[in-house]
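Have the sequence and the 3D view open side by side. This report walks through a few parts of the fold, one at a time.

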Amino acid sequence: MKEILIIGSGISGLTCAISLAEMGHRVTLASPFPSERAQSVMAAGGINAALDTKGEQDSVACHVADTLKGGCYIASPTAVQGLCAEAPAILRWLETLGTVFTRDANNRIDLRAFGGQTHRRTAYAGASTGKQIVTALVHEARKYECDGLIERRLGLHFHSGLIRDGHCYGALMYDEVKRVFEPIFADAVVMATGGQNALFGKTTGSTLCDGYAAGKLMTQGVTLKNLEFIQYHPTAIETPQKRMLITEGARGEGGRLYYLDGDQRVYFMEDKFGPRGNLMPRDVVAKCIYDVPTQVYLDVANLGADVIHGKLSEVDELCRRYLNLDVTKADIPVYPSVHYFMGGIAVDNHHRTNIESLYAIGECAAIYHGANRLGGNSLLGAIYSGKVAAGTIDTERVEDAASKSPFSAVYIRRDVARVMNECLGITRTEDKLLAGIEDIDHAIGVCEKIRFDSSVSPYQSYALKGLLPLARAVLTCALHRQESRGAHIREDYPETSDRFLCATIMRYNNGRYDVEFVKEV
């Protein structure tokens, strides 16, 4: 049995947790919020699989070809082959968990057309595919929670990886309720933290996915990939808080893009690319809308009220709520919006990063989508990547981080020494001293939580309870003496001051470090 830490509890994180629990491993599923608040629930359009329920001779090979072409042929063909080949089985698995996909007249899973695809292969669950899948996965995960194989830890934010010498031993998490840092050691760490929406402010996604994890890990030596490839979804509506997605399913059902030239409608995508022009890949459609000199509209009214209320109810509700617009009678003003990040943490075909025992899945991992993602492949990629990472972790030999972690008392002592030497050298400055205090406060905050290496003398561990406050006190005294005197040389206070012709008295009071200057008698 291995101890696995998964950071992020959306669809990819949940899938990985369930898969590992099925294999008998113990999983800590850490996230700031419940799964029901993950960005995954916002996915409305559907999930791709070559089921061929429409009799169009669709196949895995066609799905692979469309995915590689849509991604401009820079994605790994081997990875894409695995993704597409497993898709039908993934849909069957989701059905066994309780996901209710929309059925056609013959009671087969209905499929809709999505951009960049040569066949109809996008299965959907009404207008709330992501929400349906999350609900099913949450219920499945709860079974393993009851068995003690999955432990949910809410209110935890990722701070940094516990990485040393190319190996990840866990992660440092911030508990926003207790306002403390807590290290969680594990045999393997799986990042499932989503994309980088906050970098761009208003997007179609959740700003809870801010890209911090990828950026922080980059500074710790983790390789990133394809960061320049940022997908703009062609059809979004503007609201004061964010941009709301108008699902590609609207065009898959027959919605048409146009602009007005005087009183004349110009169906520019159809004029340029033919009858299926509205379902070109997203990068193509977004660029064409960008080039149009005036407002672009999406006409779904032509589909009729029955189709809109039956298959596009979310579009109807969004436009009524945010635009006060009835889409059965009026057309939707749409704009391209940042929607998805093809780039992220670089992983191999087994979802391993360049750091041993560190994995990445879902949108934060760059692997399947190349330069542009096809609609319907994101949910598929989230689930498939979770399963692949779980399988890799299950079969690989990993270190027992709980007993062999180099994040021992010795490691902390060395880090304290580094801080003190850097901040309290021959000359000191306020900036250096404040930075040193911050580092020592950080160490004090996590010291009580760390499971120290049992092979080291216990003294090395409990001595930290005295050494760390002492280090904090030394730095605090140096900060408060704003002069240069004897062995204490401040670059920012080079003169000697009679005001400090005193002894420095330090008193510790329940976490406070109080300094007083007292004249010797």
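Partly exposed means a relative accessible area that is neither under 20%, which is buried, nor over 50%, which is exposed. Glu95 has a relative accessible area of 31%, so Glu95 is partly exposed. Keep in mind that this is a predicted model.

## Salt bridges

How many salt bridges does the structure hold? There are 34. Three of these pairs are set out below.

| Pair | N to O distance | Accessibility of the Arg | Accessibility of the Glu |
|---|---|---|---|
| Arg26 and Glu3 | 2.9 Å | 27%, partly exposed | 32%, partly exposed |
| Arg103 and Glu95 | 2.5 Å | 36%, partly exposed | 31%, partly exposed |
| Arg251 and Glu248 | 3.7 Å | 2%, buried | 1%, buried |

Take Arg26 and Glu3. Their side chains meet in a salt bridge. Arg26 lies in strand E2 (residues 26-31), and Glu3 lies in strand E1 (residues 3-7), so the pair ties together parts that are 23 residues apart in sequence.

Now look at Arg251 and Glu248. Are they buried or exposed? The relative accessibility of Arg251 is 2%, and that of Glu248 is 1%. Both values are under 20%, so both residues count as buried.

Some charged residues join in a network. Salt bridges link Lys54, Asp110, Arg112, Glu253 and Lys311.

## A parallel sheet

Strands E1 and E2 also belong to a sheet. This sheet is open and has five strands. Their order is E6-E2-E1-E10-E19, and the pairing is parallel. Which strands stand at the edges? They are E6 (150-154) and E19 (358-360). Each has a single partner strand, so one side of each is left without a neighbour in the sheet. From one strand to the next, the twist averages 20°.

Look at the E19 edge. Strand E10 (residues 188-191) runs parallel to E19, and three bridges join them. In one of these, Met191 is the bridge partner of Ala360 in E19.

Ser357 lies in the loop between strand E18 (344-346) and E19. Its phi is positive, about 70°, although Ser357 is not a glycine. Is Ser357 buried or exposed? Its relative accessibility is 5%; this is under 20%, so Ser357 counts as buried.

## Helix H1 against the sheet and H11

Helix H1 lies across E1, E2, E6 and E10. It runs at about 165° to E2.

H1 also meets another helix. The axes of H1 (residues 11-22) and H11 (residues 377-395) come within 8 Å. They cross at roughly 35°, and the crossing is right-handed.

Which residues of H1 meet H11? On the H1 side they are Ile11, Ser12, Thr15, Cys16, Ser19 and Leu20. Their partners in H11 include Leu379, Ala382, Ile383, Ala389, Ala390 and Ile393. Lys387 in H11 takes part too. The residues of this contact divide into nine nonpolar, five polar and one charged.

## A hairpin with an exposed turn

Move on to strands E8 (167-175) and E9 (180-185). They pair in the antiparallel sense over six bridges. One bridge partner pair is Met173 and Glu182, the latter in E9. E8 and E9 form a hairpin, with four residues between them.

Arg179 is found in the loop between these strands. Its phi is near 60°, a positive value in a residue other than glycine. Is Arg179 buried or exposed? Its relative accessibility is 68%; this is over 50%, so Arg179 counts as exposed.

Tyr174 is found in strand E8. At 27% relative accessibility, Tyr174 counts as partly exposed. Which residues does Tyr174 contact, leaving aside its neighbours within four places in sequence? The list is Gly155, Leu156, His157, Arg179, Val180 and Phe181. Arg179, the residue in the hairpin turn, is therefore among the contacts of Tyr174, whose heavy atoms come within 4.5 Å of it.

Finally, find Asn302. Tyr174 and Asn302 are 128 residues apart in sequence. In space they are 51 Å apart, C-alpha to C-alpha.

Methods: Residues are numbered from 1 along each chain as its sequence is written. This is a predicted model: local features need pLDDT of at least 70, side-chain atom pairs count only at pLDDT 80 or more; totals for chains, interfaces and linings use all residues. Side-chain values use heavy atoms; hydrogens and water are left out. A salt bridge is a side-chain nitrogen of Lys or Arg within 4 Å of a carboxyl oxygen of Asp or Glu. Helices (H or I, at least four residues) and strands (E, at least two) are DSSP runs, numbered from the N terminus. Buried means under 20% relative accessible area, exposed over 50%, partly exposed in between (1.4 Å probe, protein chains only). Axes are lines fitted to C-alpha atoms, for helices over the stretch in contact, and angles run from 0 to 180 degrees between N-to-C directions. A crossing is left-handed if the near helix is turned anticlockwise from the far one by less than a right angle, and right-handed if clockwise. Ala, Val, Leu, Ile, Met, Phe, Trp, Tyr, Cys and Pro count as nonpolar, Asp, Glu, Lys and Arg as charged, and the others, Gly among them, as polar. Two strands pair if DSSP finds at least two bridges between them.
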